[in-house]
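Here is a small set of exercises to work through with the model open beside you. Try each task before reading its solution.

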Amino acid sequence: AARRRVEEWDEAYRSLEVMLRQGIVPTYAVVAERFSVTVFGEGSGSWTSPLIGAVHQPTSGEPCAVLFPSFEELRTMLQENHVAFEVALTSPQGAADFPALAAPDTGTAGAPAEAPPTA
């Protein structure tokens with residue numbers, strides 16, 4: 001029964017991802033007990049990186065995901081799997097809280113993050 005629920009969840013998630021990439025939906029959210037993820041695609045608007053000030057525009061080919069709350073184990077897993085992300089900080093002093101999470105290509109780690117590629 002548990003395996004079937006996991007398979008159903010996987011199928012539902014993949015369907016949402018396909019609809020986002022096809023432009024049928026501009027965004028979707030997954031809310032779980034310990035975290036939530038909102039995925040933004042084309043038509044969902046732009047966002048500005050709080051660390052470097054760069055403006056990013058999600059597209060159907062390169063969506064953006066926001067994870068909340070971000071916790072160390074998840075950030076470590078994303079880094080180990082080469083998922084580019086940065087921490088959205090509430091103040092400039094907050095950057096000092098994450099010195100070990102600096103990623104060479106993207107600045108720092110955390111949310112917002114790219115959505116995972118679909119198979």
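The exercises below go from the overall fold to individual side-chain pairs.

This is a predicted model, in which local features need pLDDT of at least 70 and side-chain atom pairs count only at pLDDT 80 or more, while totals for chains, interfaces and linings use all residues. Residues are numbered from 1 along each chain as its sequence is written, and side-chain values use heavy atoms, with hydrogens and water left out.

**Exercise 1. The overall layout**

Work out how many helices and strands the chain has, and the pattern they follow along the sequence.

Step 1: Take helices (H or I, at least four residues) and strands (E, at least two) as DSSP runs, numbered from the N terminus. Step 2: Counting these runs gives 2 helices and 6 strands. Step 3: Reading along the sequence, you get α-β-β-β-β-β-α-β.

**Exercise 2. Contacts and surface**

Find what share of the contacts with a separation of 6 or more comes from residues 24 or more positions apart, and what area the chain exposes.

Step 1: A contact means heavy atoms within 4.5 Å. Step 2: Of the contacts with a separation of 6 or more, 50% join residues 24 or more positions apart. Step 3: For the surface, use the Shrake-Rupley method with a 1.4 Å probe; for residues, only the protein chains shown count as cover. Step 4: The exposed area is about 7,900 Å², and carbon and sulfur atoms supply 58% of it.

**Exercise 3. Charged pairs in the helix**

Which residue does Arg-3 meet in a salt bridge, and which one does Arg-4 meet?

Step 1: Look for a side-chain nitrogen of Lys or Arg within 4 Å of a carboxyl oxygen of Asp or Glu, which defines a salt bridge. Step 2: The structure holds 4 of these. Step 3: Arg-3 pairs with Glu-7 at 3.6 Å, N to O, and Arg-4 pairs with Glu-8 at 3.2 Å, N to O. Step 4: Glu-7 and Arg-3 lie in helix H1 (residues 2-21), 4 residues apart, about one turn of the helix. Arg-4 and Glu-8 are also 4 residues apart in helix H1.

**Exercise 4. Buried or exposed?**

Decide whether Glu-17 and its salt-bridge partner Arg-21 are buried, partly exposed or exposed.

Step 1: Buried means under 20% relative accessible area, exposed over 50%, and partly exposed in between (1.4 Å probe, protein chains only). Step 2: Glu-17 has 0% relative accessibility, so this residue counts as buried. Step 3: Arg-21, at 24%, counts as partly exposed. Step 4: Their salt bridge spans 3.1 Å, N to O. Step 5: For the whole chain, buried residues make up 24% of the 119 residues.
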